[in-house]
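Visitor: Could you take me through one part of this model up close? I'd like a single connected walk through it, with the numbers left in.

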Amino acid sequence: MVAANVGGIPEIFGTHTEALFAPNIAGAMADAIELALEDPEAALARARSLRERIFLHFSQKAMVEGVLAGYREALPNR
């Protein structure tokens with residue numbers, strides 16, 4: 001996965017933020033793509049790690065559980 005360092009993307013990338021490129025700089029994007037192509041095994045490992053991270057922390061199920069946990073915590077204190 002190749003992505004720019006914008007918005008919430010760094011939160012999603014977690015420990016892989018070094019792979020993000022500066023936004024609005026075509027050369028930075030090209031460099032990121034070139035790095036991924038030069039070391040496909042590392043790119044694949046990063047993609048697998050990101051997929052797992054997204055599933056655990058950013059899936060619909062994880063987001064719903066997070067909201068429900070917030071309500072559970074807030075309601076007893078009412």
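Guide: Let's start with α2, which has 13 residues and runs 18 Å from its first C-alpha to its last, close to the 18 Å expected at 1.5 Å a residue. Keep in mind as we go that this is a predicted model.

Which residues of α2 are buried? They are Ala28, Ala32 and Ala36. Those three cover an arc of only 75° around the axis, so they sit on the same side of α2. Go round to the other side of α2 and you meet Ala26, Leu37 and Glu38, which are exposed.

So what do the buried residues of α2 pack against? Their partner is α3. The axes of α2 and α3 come within 5 Å and cross at roughly 105°. That crossing makes α2 roughly perpendicular to α3, because angles from 65 to 115 degrees fall in that class. On the α2 side, the contact is made by Ala36, Leu37 and Glu38, and on the α3 side by Pro40, Ala43 and Arg46. Sorted by class, the contact of α2 with α3 has four nonpolar residues, two charged ones and no polar ones. Ala36 turns up twice here: it is one of the buried residues of α2, and it also belongs to the contact with α3. Leu37 and Glu38 belong to that contact as well, though both are listed as exposed.

Now cross over to α3 itself. This helix covers residues 40-57, 18 residues in total, and reaches 25 Å from its first C-alpha to its last, close to the 26 Å expected at 1.5 Å a residue. Its buried residues are Ala43, Arg46 and Leu50. They cover an arc of only 65° around the axis, which puts them on the same side of α3. What covers these buried residues includes α1 (9-13) and α2 (26-38). The face of α3 turned away from its buried side carries the exposed residues Glu41, Arg48, Arg51, Glu52 and Phe55.

Arg46 deserves a pause. Its place is in helix α3, and its relative accessibility is 15%. It counts as buried because the cut-off is under 20%. Leaving out residues up to four places away in sequence, Arg46 touches Met1, His16, Ala19 and Ala36. Ala36 is the one we met among the buried residues of α2.

A couple of C-alpha separations help place Arg46 in the chain. Arg46 and Val67 are 21 residues apart along the chain, and their C-alpha atoms are separated by 28 Å. Gly8 and Arg46 are 38 residues apart along the chain, with 18 Å between their C-alpha atoms. Gly8 itself is found in the segment before α1, and it is partly exposed, with a relative accessible area of 40%.

One last stop, back on the way into α2. Asn24 lies in the loop between α1 and α2. Where is phi of Asn24? It is near 65°, a positive value in a residue other than glycine. For background, most residues other than glycine have a negative phi. Is Asn24 buried or exposed? Asn24 is exposed, with a relative accessible area of 83%.

Terms used: Residues are numbered from 1 along each chain as its sequence is written. This is a predicted model: local features need pLDDT of at least 70, side-chain atom pairs count only at pLDDT 80 or more; totals for chains, interfaces and linings use all residues. Side-chain values use heavy atoms; hydrogens and water are left out. Helices (H or I, at least four residues) and strands (E, at least two) are DSSP runs, numbered from the N terminus. The expected span of a helix is 1.5 Å times one less than its number of residues. Buried means under 20% relative accessible area, exposed over 50%, partly exposed in between (1.4 Å probe, protein chains only). The arc is that of the directions from the helix axis to the C-beta atoms. Contact means heavy atoms within 4.5 Å. Axes are lines fitted to C-alpha atoms, for helices over the stretch in contact, and angles run from 0 to 180 degrees between N-to-C directions. Angles under 35 degrees count as roughly parallel, over 145 as roughly antiparallel, 65 to 115 as roughly perpendicular and the rest as oblique. Ala, Val, Leu, Ile, Met, Phe, Trp, Tyr, Cys and Pro count as nonpolar, Asp, Glu, Lys and Arg as charged, and the others, Gly among them, as polar.
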